[in-house]
Each structure stands twice: as C-alpha cells, then as structure tokens.
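Reader: Hi! Could you walk me through this one?
Author: Happy to, here it is.
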Amino acid sequence: MKLPMSWLRDYVELPDVNARDVAERLTAAGLQVERVDRLGEGIEGVVVARVTDIEELTEFKKPIRWVTLDDGRDRRQVICGATNFGVGDRVAYARPPASLPGGFTIEAREAYGHTSDGMICSGRELGISDDHTGILVLVPDLPLGDDVVVALGLRDDVLDISINPDRGYALSVRGIGREVSIAYGAPFHDPALVGPRTGSGPSYEVRIDDTEGCDRYVARGVDGLDPAIASPQWLQRRLVLAGMRPISLLVDVTNYVMLEVGQPLHAFDRDTLTGPIVVRRAAPGERLRTLDNVDRELDPHDLVIADDSGPVALAGVMGGAATEITAATTRVLLEAAHFEATTVAYTARRHRLPSEASRRFERGVDDALPPTAAELAIALIEQLGAGRRVDGVTDVDHRSPIPTITLDPELPGRIAGVDYPQSAVEDRLTEIGCRVRASSAGFEVAPPTWRPDLRLPVDLVEEVVRLEGYAGLPSTLPRATAGDGLTRTQRLRRVLSRALAGAGYVEVLCSPFVDAESGDRLLLDAGDPRRPSVRIANPVSDTEPYLRATLLPGLFAAAARNIARGLHDIALFETGPVFRSRGGGKAPDLKAGVRPSDDELAELDAVLPDQPNRIACVLAGNRETAGWWGPGRPAGWQDAVEAARVLARSLGVDVTISADRHSPFHPGRCAALHIEGELVGHAGELHPRVVEAFALPARTAAIEVSQDILIASAPDIAAAAVVSPYPAATIDVALVVDRDLPVAALEAALRAGAGELLEALRMFDLYTGEQAGSGRKSVAFTMRLRAPDRTLTAEEVAEVRAAAVAEAARRHQAVLRS
Amino acid sequence: MSGPNDPYDPKEVSALSDDELAAAVTQGEAAFAAATDLDTLAEAHTTHLGPRSSVALARRELGALPPQARADAGRRVNAALAALTASYDARRSALEIERDERVLVEEAVDVTLPWDRAPVGGRHPLTLIQERVADVFVGMGWEIAEGPEVEASWFNFDALNIPPAHPARETQDTLWIEPADNGVLLRTQTSPVQIRALLARGAPCYVAVPGRVYRQEALDATHSAVFHQLEGLAVDEGLTMGDLRGTLDTLARAMFGPQVRTRLRPDHYPFTEPSADVDLLCWVCQGTSTEPGAEFCRTCRSEGWIEWGGSGMVHPVVLASAGIDPERYTGFAFGMGLERTLMSRHDMSDIRDLVEGDVRVTAALGREG
Ligand SMILES: [Zn+2]
C-alpha cells in the first residue's frame, strides 16, 4: 500500500516529524515500510506563469509554438512542443537557472531558430503524474511568480508499506492513519465517521441467496452522470501517488474512497441491469466476460452478482464488461458489499485475477463500512458536480455479531516476559478500537468491526506487545530440560561423512529431481526400486518430474559438471534420502487444532513414500595425481570398493566383499557389499553403457550403500581388543589357486584354518605369470600370530601355518608355492 | 715393546718414566690434531690410546711397582691418559660435527616441492552449518529432531494453522506429489517437524530442526527450489517472548560473532501469535546507509537491517493439533534460511554456487570447523 504523507496528515494531527521517522515507527508496530519516496525534491526555479502570446511555427514537421510568458516579473519567451494550452492559461515555467527531478538543469538554449528561455513543464517532468501528452495547465487563480512546488504542494513523501495478510484494515488511509496516531499519540479523525444516509426506502431490489459468501449488500443510485467532467488534479494526483491509474471520474471516486477507508466499491451502469440483483454462487456452465474483456467459465464455488440476464460481476473480484460504466452512462448503481474472505480468495486465485478489491476482501474488510463508503462516494461525486444522488438506500444486512474475547489482563505480560500494567493493556486495546469491559473473568474485549482478525486472546496479546514495542522485550534464555545430545544415528551420520571427506571425497548436494528415463540410463530392471517412482504434479522443470530413488544420477551430473569446468580428478559423495513409492493413496482429511488419533497418524504416514537414507560416491580421473614423484594412478573399481571399507571401518564393522552382477555396474567389476550377512549396497566400475549415457569419462567408478543399514549394523558398544604382552610370530605363505578364485574366499579359508592364534592376516602379493601355471595364480599372505598367555614356540607357529594351508587346500585346492 | 708382566714380579719399567709419558702425550695429541677425518682419527686412537699404546702399556705395568711408587706412577699415568682422552674426544666431536654438517648439506632437499598425491576431501558448507547450529542447540540442552521431506499436507499446513485459502498453498509455492489431491507434498518448511516432535515427545520439548525444504521456484542467483532451513521449537510452562529473543541472540552470536545485533519486528505467520521477524543490523554499514545522501550499501540494499528469519509464540491451534494443552504450555518457534545465513556469513551473492556441486565451493568453505 502506497500512501502519501499529505493524505495521512488529513486525518492525523501529526507533529513535525519526517517520513523516515513515521516509517520507523510503523515498521516497529508491524506495518513494514519497504521504502520512502521523496517527491518534489530536485525541483527548483519552476514558477507559475501566464501565457500572453502564442506564435505557431509552421515550418517544422511537428507543431512547435513560440510562447510568450509573464512570470510576474518579466516577459519570457520559450519554445514549446505541446498544444494543449491557450493564451491566458497558467503554466509551470522552468525559469533558468532551474532544475527538475532527476538532476536535469534548465538553461536558455537554441531551439527551432529561437533562444528558448527555459521551458514549460509537463506533469511527468515535475514527477506528479504520468501525463506527458501535454504540458500541465494550472488552475487560474495561482499568483504569478509563485514557486510551483509550494503552490501545488508538490513536495510530498510516499510510504510504501507491505501489509500482512491479517491486517486488511491497514490497506487504507484510515487504517494506517489509526496506527500512526497510536504511534505518536496524535489525534485521529476517522474518515469513516460520516452519518450514513438511511434515505427513504430501498434504492434497488437486492436479494442475497448465499449469506455465507455475502452478509451485507448496500446499493445506492447516482443520476445525471456527466461524462465530460474529469477528476480534479488533486484527486488524480492522490490516486497516482497511491499507485493507481486515474480512469474516469466515477471509477476514480470509487477507488479514492476504497483507498481512504478500505471498502471496495463497484459501479454498474444501471441502465444495463435487468431485474433485481441477486448474490449467489455461479451455476454450472455459466460464463462471464469480465472488465478485462476475458470470457470466463465460472466455477460453482464462485460467488457472483447476477441479474435476470445472469452473472454481471465476480463478487469482490471484478465486474462484468456488459454492465461497465462507459462514456454513455448516465445512471449508476453503486455497490458496497461485504464478501467472505475465503470465497473471494479462491475465486481470485481460480481465475488468476488478483485485484485491489480482492486483495482487501481476502484480508478482511470492515463490515460496518458499506453504507458509509457508499455515502462518501456519492457525496464526493456531488461535490465534484458530476452527478446527483438518488434517494433511497438498499442495505441487505445478514451480519452476525462479533464475539467478544475474554482476556486475562496478565496474559500479555506473561507471554511477553514484561510486567505490563493492566491500564496499559486496556489502553492499547482501546487504541486499536476495542471496547474493553472489566469482569470477574478478566477483560471482556469486543474487537472493532475493522479487526476481524482478532478472535483469540493471543491475537489481543500481539496487539498489546507490538504497541508496547518489541524493542522493550528482555533477552532471557530458557532453561531447557536436559537433553540426550545427538542421537546415535545423528552422530554416526557425521562419522560416515567425515570418514569419506578424510578419504579424499568432496561432499556435494545434488538436485533431487530426475527425469523418467534415468532408470533406463542406469540399466535398471523394470521392478528395481531405484527406478524413479514418486512423481511431482507441478514440477519445477517438466523434464525432471520425478524425485530420485537413487543418489547416483545427481552425483553423475555433478561429476560431469565439474569435469566440464576443467576439474578432471573427481571424487564426490552425497548422503541423503531417496524416495520410493509405497503405493501412495489419499491422506485422511484431518482437522487443525485437534490431535489426530494414533491410527489416523499411522494412516497419514502410510501414504508417504519410503524415504531411506543412502550414501553414494563417484570417482573419475586420477585417484592419485601424477607429479615429480612419478605417474598418477587412475581411479577405479578398487577405490569404489575401498570406500565401502572406509565406511565400515569408521563404524567399527567389517564389510564382506563378493563379486556380483548388478546394474549400473560393469558385470565383471561389481562388488556386493554385506555386513553381517545383510546387503548394504554395491560398488565397482560403471557399465560402459551407463558411462556413455551419463557422458562420464571411461571407467568411472561408483558406490551406493544404505546409510540406514550401515548405521544399524554399527555396534553400540565395541568389543575391546585383548592386548597380549607376548611377542608375535610373523610368517608368510604363498598359495597357488585357480585364477577365478576370489582372494577373499582364500583369505577366509586361511583365517578359518589358522584359528585363534591368528592376530592379523594381510594379502600382500598377487602373481599371475607363467610360473603360477596355466589358469592359476599365486597369492601371498603374511600372518601375524600371537598367543594371549605365552610366547609361541616354533612348533606351534608351524602347526598354525600348516592348519591354515590345509584348510585352504581343502576348500579351494590351494597348493603351497614351492 | 715389553710383554705382559707378572703382577708380582716388580721390575723397572721404562714406559713409566716422566719423559716417556710426556712424549706419548705430545705424540698422541699431535696425531689426533693431524687427523682430518674420523677414519684417520680412529687409527690414531688405536696407536695412542689403544690397548697396545704406550700409555696403555704403562698402565698395565703399574701393577709391577712397589705400593709407594705405584701410587705416584699411577697418578702420572692417569694424568697422561686423561690428557690424551680429552684431546681425542675434542677432536672426534669436532670431526663429527664437520662430517654431520657435510652429510646433512649433501642430503638437503627442496622442501617446497609439492606432494599433493592424495586427493583432498571436504564436507559441504551447508552440512557443516547444519552441524554447527545443531551443536549450539545441543549445548543448550536441546535435541535435534527430524522429519520426512515428502510430507503429508496436514503436517505441513493444517496442523500449523495454515488454512486452505492461505497463499502458501498455491501451486506456485508448493510442490505436490502426484496425484495432487492426495494431500502429499514436498515440505515447504521445516515447521511440520514441530508437530512431529511434539506428538513424539510431548511437553516440555526443546528441539532444533535443520533440514531440506522445497518450493516451486526457478533457480536464479537468490532462489532455489531446494534449500535448507533451521527450525527451533521450545514448548514448556511459562516460556516468554523474552526467552525467544534470548535464544535468537544466542544463535545469532554463534553464527555471526559476538558483535552481532538483532532486532525483533512484528510480522505475521499463521503458526505463531504474536509473530516477529528477526533482523540483523547490517555489519557492513551498521545501518548508516539509510541516512539521506549516504552511499548505497550492497549488503543490506541500504535498508540498514538484514532480514534473517521469522519467529513467534506458538499458536494455540498448533499446540492443540499436537495434543498439547495451550492453557498450560506456551512455546516459541523460529525458522531461518540456512543458505541465506551462510551467504551472509561469507558475503556470497549467488545461491547457485551452493547447489551445483562445484568442488571449488567445498574447497573454500567445506573445511571450516
Ligand atoms: Zn548495509
């Protein structure tokens, strides 16, 4: 809402304060002033002058005038390109040296063969209107030579205030004026305090069929409308400053009254109406061509104003084209009604028709205003000589009384944490228009008609606290009940992420939106849960309507983006939820303000998709960089599998690696990852077709695991190591086995065979050359043996080694390498 | 040279003469001094201090002397031995220092050579800031609550007293899960976790909720469809707006440093009453850029204050939706954008840097404790 300070001062006896001060106080009271425009600044040397002679210069392509002016001191001559004035008119003359808004300086200059001694200004050049079709012709009685800034009152400040949805009353000079008057303790004259004319009988037949959508409808008539009379300058200027465009006197007047008191008005051409006005919901299939000339199909929820011909206006939103005021209109029916907020909100949204009227109705309008606003408009029309009132007032009134609120006078102070005296509470509520009566239960507070937002005691609390000032609130700290710290899951999530970062992975947060084909590009089977299954009805991008069901596509895109930006050695990770449909279904319709039953809550949760948390990494380029020390080492499947060990190790669990075939991985380079028999995910090199589909470098590797299963597998209390003080015996063993035998299997056999004396086992060499034999390989391990209670003898060590080898031989036909 | 003596066979021993001892010392000292490396010195040591050296022989022959003569000769032999040993030790340590210096100089390397063989990892600044705020609240005894990102609209709207006609429900703000009338959406705020936390814990309840939220927004420098919020909720007997203010002050200091100044300003949120916006005094211009004629401030757009988040006292409807008695308990809640907090902290201007996954962003910000 834009509001000039001059308009505000009409109703508030403000002390000598500047607009910035008013802005700060309003902001502190909850009406946030977004900006203050200082108008009329930068105008200097522009004076009132009279046109004494006009010479038309005809030798140019466009009409040019050589104008002689009397500025009360001298005779001055200027060139002027406008023609909307005549001899005798008073104009705004920029007399050199003069300046105009925007830093323009006006000097005498050569133009069209003459020396133009300054210029005649248009409304736009003075920053007071949009009009640049001609110069500004002033009213006749202004003294010559007077500064136009003073004479026209051009100096003004305009407050641009953002109004919250609960403060409909503040969308008016009346509402903001009241707030300003409270802020300064300055007297306030309510512009709506006019005796509404009750008149003699009704003015037009009105019937409200839907009293829920409309609880009041006032209709008044104006006759003898003179379309030739335009709105006066002061009225147009106020509309412009408030951000509205002047249109015609009648429309301007209704807008002016709306801005001043907050009641939207609508004017019908009375001669286009047939039969009584009925306020009702639209019938199915009904249509209306609205003022913006769009033919609209109406929804049965739309509230309409109808006559015998059908709908003539969308209630509280926009009028119809057929009953619009035109240049030919002489008889007017003025509507001042009270429409229900939600109805108007839905209709405005449904038809994408936000209007000044709907903005106000949505936020709540004073239901006492309709007769007053109609009277204000009619009085103004008469005052401007543009028409005359028709006797009679139709006022169909179905309003229900506003309930009073019982308020514990100590509640505001208790909630604020400040001791407000009871008198302060009473005074503040009275200031905003409430009637406050003390009773045994506390205060009985009757909110004013313009505050339909005040319904609960806490609503009144906010009024008291904001007017007493948020700046006065203390800064105290509550003593929270002792908490349990981070949960185990929260702690372990940090552990996992830190482990990956420590291992050289960079965390990224990827877009969770994917396209429908991402599952195909990952070569996933039809029933794979990693195929996108949760679709967004109104996605940000139509090409990515699904939520991710695996973290990989996002990571692939991030990797490709980094590589495109010249960052080739990439190791990325992401952790977070993925979304997998469980069939969905409709959520039960539950009320606000009532705790649902446990069954209802379970029903709510049941319609949500599964949202498991996962961890994924992608690697491309070099894992170890080349340098003066030698060549680099490209990242590969080994690193991806190692990432699983990094994760498992950070939680103190062992991960079992086994070969698997699993999309999107290379069928020969894919590891299944198990912890205590449970599958946690897969790692390996990506399938070449996946690499191609996601435009990744060849041999890109990746891993994706379930964060939830990983964390669940972590021991709550890790087992302590038995630290034996006795010396260790270290022995090596090299075994020749079938080339296809996984090393992990061989290792498991050795472990099983070695038994309890084996402290550590590590594979350290792999040989697949000729000497191992055709189709065979030699694998070397080092074993560290130690007993908890003695030094092992050479015989014991040999026995353990023999037992280990024997088990390997039994399980895998391993042969000791000679 | 003489051979080993029988200790009980006294005889005159020439090696014990003063002159001979003096000569042995002089020769030894000269030999030690002449040695230019440790090997030569070792040879000189064998000759002059070794088991077959004059002094050693003299020492061995002491036993053959009568007791009185033995004491006297012993003193002289010991003196000679000490002098030689001192001379040797001094020379040896001098030569050792010389050798060490030479060797260490030869072994010197260029320590400025790079060794960036292993890749450098890092956490995303947005996860770090979430952990940081979590720690601030855990330090105050609060807990960290969580909720699903795909949420029922009852939790996201109804229970939070956001009526069906509220503009926030318009499709341009909310991303609905298909079919759109099933009442399932991507949470537009972390506030639904207020309800879940209260349902799960009851009162009293002190929880902070960092998390990801979604809005129907096209990506540009200041908007992203996916972003992060921090939600705080405290419900207990007798909580006040002063407690809200103190908690916000604590959080602001933890995020921006001890000099930060906050302001509460009345605003409107359906789920709080009274409601307040939290502003931070612009740390660049300290609010002075609002004065007429002052230079434009890029950080606060010459508004003096920077909007940080929304807050207020929990609306009774919200408490009742979670089964908490609003007559007995009051509560406060607040929420702020973490991207905005992070961008303010580091004076960043483009939110896209945080969502595109460029590793350089993490390299710069992802290692902050
Ligand atoms: Zn600033």
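Author: We can talk about the metal site and then a helix, keeping in mind that this is a predicted model.

Reader: Great, what coordinates the zinc ion?
Author: Four sulfur donors do: the SG atoms of B:Cys282, B:Cys285, B:Cys297 and B:Cys300, at 2.2 to 2.3 Å.

Reader: And how are the donor residues spaced in sequence?
Author: They follow the pattern C-x2-C-x11-C-x2-C. B:Cys285 and B:Cys300 both sit in the loop between strand S7 (272-281) and strand S8 (305-314) of chain B, so this pair ties together parts that are 15 residues apart in sequence.

Reader: What is the arrangement of the donor atoms?
Author: It is tetrahedral, because the 4 donor atoms subtend angles of 105 to 115 degrees around the zinc ion.

Reader: Is B:Cys285 buried or exposed?
Author: Buried, because its relative accessibility is 11% and the cut-off for buried is under 20%. B:Cys300 counts as buried too, at 3%.

Reader: Switching to chain A, which residues of helix H2 are buried?
Author: In H2 (residues 19-28) of chain A, those are A:Ala19, A:Val22, A:Ala23, A:Leu26 and A:Thr27. Seen down the axis of H2(A), they fall within an arc of 130 degrees, so they line one face of the helix.

Reader: Why would spaced-out residues point the same way?
Author: An α-helix has 3.6 residues a turn, so residues three or four places apart point the same way.

Reader: Nice, and what covers the buried residues of H2(A)?
Author: The cover includes helix H1 (5-11), strand S2 (32-39), strand S12 (156-162) and helix H4 (173-184) of chain A, together with strand S6 (262-269) of chain B.

Reader: What comes just after H2(A)?
Author: A:Gly30 is there, with a positive phi of about 105 degrees.

Technical notes: Residues are numbered from 1 along each chain as its sequence is written. Chains are lettered from A and ligands numbered from 1 in the order in which they are written. This is a predicted model: local features need pLDDT of at least 70, side-chain atom pairs count only at pLDDT 80 or more; totals for chains, interfaces and linings use all residues. Side-chain values use heavy atoms; hydrogens and water are left out. Donors are N, O and S atoms within 2.8 Å of the metal (3.2 Å for Na, K and Ca); water is not among the atoms, so sites may look incomplete. Four donors count as tetrahedral if all angles lie between 85 and 135 degrees; four count as square planar and six as octahedral if opposite donors are over 155 degrees apart and all others between 65 and 115; anything else is irregular. Helices (H or I, at least four residues) and strands (E, at least two) are DSSP runs, numbered from the N terminus. Buried means under 20% relative accessible area, exposed over 50%, partly exposed in between (1.4 Å probe, protein chains only). The arc is that of the directions from the helix axis to the C-beta atoms. Contact means heavy atoms within 4.5 Å.
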